[in-house]
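Student: Could you take me through this structure by question and answer, so that I can see how each reply is reached?

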Amino acid sequence: SKASLRFVLYLQLVVTLGFKNHTKNIFSRPQTRVRALMPGIPDALALFGGQFDPFHWGHAHVIQQLLPRFRHIVVLPSAHPPHRAASETPFHHRFAMVQHATAQWSAVTVSDYDTQHTPSFALHTVRHFHAQYPGIPITLVIGSDQYAVLHTWHHIDTLCDLAQFFVVPRDTQPRTNPHLPAAAHITHCTAPPYPLSATELRADWQATLVPPSVADYCQAHGLYA
Ligand code: ATP
């Protein structure tokens, strides 16, 4: 009868969609399986903040350095940076770009923490994430340009008691900062520098210098070009 035929077709649809979802879950995130086989990744949290105006290959390079070292990586696009003028590109675009660019990495989450906190000092951010990830050590990830001025950060002494720093080299910045508290726990990344900045891209847009998903997003929303 028509009714039973419809029922059979419906069952087929359910089975097909179910299978599709199943295979999608297994195959679409290969890094999940790889990471499950790598118990050596320390149960540590990296906080990587920035304007991401736009997210570019230099940022992706930084995240590549973090993946084997941290089980949790939180990327924080800034809404109210205390040390510089706010970005002209609205937060929701910068947030979306970071989400697209990092979707492939299961260890990475993108946080909108910064939208609720004005101004957002790293010290407050670290306290917030200590409460979210109790007992897990926190490392702030910075480029060597930020390392050169790290001693000027809000309550740097207290910050150094609560968090470590992972410094990623940029161009020719110095690798020492004599003004930091002696207790500061700094790890210098030994990867070679990846010379690229968002300032350059805003001045002279080149879609090949950002991940393809970011380039597509920018094109769809008429950003930078
Ligand atoms: P801008 O040119 O607008 O200052 P940026 O390219 O420096 O932007 P940000 O969003 O300010 O990018 O960077 C966020 C963090 O990433 C900062 O700590 C910065 O030092 C670091 N970073 C950015 N680009 C690189 C790169 N090419 N290599 C290493 N670290 C980088």
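The exchange below moves from the chain as a whole to the ligand site and then to single residues.

Student: What average pLDDT does the chain have, and where does pLDDT stay under 50?

Tutor: This is a predicted model, and 80% of the residues score at least 70. Over residues 19–34, for which the model has nine contacts beyond four places in sequence, pLDDT stays under 50. Where pLDDT is low, the predicted coordinates should not be read in detail. The stretch asked for is residues 19–34, and the chain average is a pLDDT of 86.

Student: How many helices and strands are in the chain, and what share of the residues count as buried?

Tutor: The accessible surface of the chain comes to about 12,600 Å², and 59% of this surface belongs to carbon and sulfur atoms. Among contacts in the chain with a separation of 6 or more, 74% are made by residues 24 or more positions apart. The chain has nine helices and six strands, and of its 225 residues the share that counts as buried is 42%.

Student: Which residues around the ligand come nearest?

Tutor: The shell around the ligand divides into nine nonpolar, 10 polar and four charged residues. Of the 23 residues around the ligand, those that come nearest are Asp 145, Arg 170, Tyr 194, Ala 198 and Thr 199.

Student: Which polar atoms of Arg 170, Gln 51 and Tyr 194 lie close to ligand atoms, and how much of the ligand's accessible area does the protein cover?

Tutor: For Arg 170, an N or O atom in the side chain is 2.7 Å from an oxygen atom of the ligand, whereas for Gln 51 a backbone N or O atom lies 2.9 Å from a ligand oxygen. In Tyr 194, a polar backbone atom is 2.7 Å from a nitrogen atom of the ligand. The ligand has 590 Å² of accessible area on its own, and the share that the protein covers is 93%.

Student: Which elements give two or more residues to the shell around the ligand?

Tutor: Two of these elements are strands, β1 (45–50) and β4 (138–143). The helices that also give two or more residues to the shell are α3 (57–66), α6 (144–147) and α8 (198–203).

Student: Why is α3 described as largely enclosed by the rest of the structure, and what covers its buried residues?

Tutor: Helix α3 is largely enclosed because eight of its 10 residues are buried, namely Gly 58, His 59, Ala 60, His 61, Val 62, Ile 63, Gln 65 and Leu 66. The cover over these buried residues includes β1, β2 (72–77), α4 (91–102), β3 (108–110), β4 and β5 (164–168).

Student: Is Ala 60 buried or exposed, and which residues does it contact beyond its neighbours within four places in sequence?

Tutor: Ala 60, which is found in helix α3, has a relative accessible area of 6% and is therefore buried, the cut-off being under 20%. Its C-alpha is 8.8 Å from that of Val 210, although the two are 150 residues apart in sequence. Beyond neighbours within four places in sequence, the contacts of Ala 60 are Phe 55 and Trp 105.

Student: Where is Ser 197, is it buried or exposed, and which backbone nitrogen does its side chain reach?

Tutor: Ser 197 has its place in the loop between β6 (186–188) and α8, and at 15% relative accessibility it counts as buried. Leaving aside neighbours within four places in sequence, Ser 197 is in contact with His 56 and Arg 170; the C-alpha atoms of Ser 197 and His 56 are separated by 7.8 Å, though their positions lie 141 residues apart along the chain. At 3.2 Å, the side chain of Ser 197 reaches the backbone nitrogen of Glu 200.

Student: Which peptide bond is cis, and what phi does Phe 52 have?

Tutor: Most residues other than glycine have a negative phi, and most peptide bonds are trans. Phe 52 and Pro 54 both lie in the loop between β1 and α3, and Phe 52 is buried, with a relative accessible area of 2%. The cis peptide bond, with omega near 5 degrees, runs from Asp 53 to Pro 54, and the phi of Phe 52 is positive, about 50 degrees.

Note on methods: Residues numbered from 1 in each chain as written. Heavy atoms only, no water. Near = heavy atom within 4 Å. Polar contact = N/O pair within 3.5 Å; in protein donor to acceptor, adjacent residues only side chain to side chain. Areas by Shrake-Rupley, 256 points an atom, 1.4 Å probe, with all protein chains shown as cover. Helix = DSSP H or I, 4+ residues; strand = E, 2+ residues; numbered from the N terminus. Nonpolar A, V, L, I, M, F, W, Y, C, P; charged D, E, K, R; others polar. Buried < 20%, exposed > 50% of the residue type's maximum accessible area, 1.4 Å probe, protein only. Contact = heavy atoms within 4.5 Å. pLDDT = per-residue confidence, 0-100.
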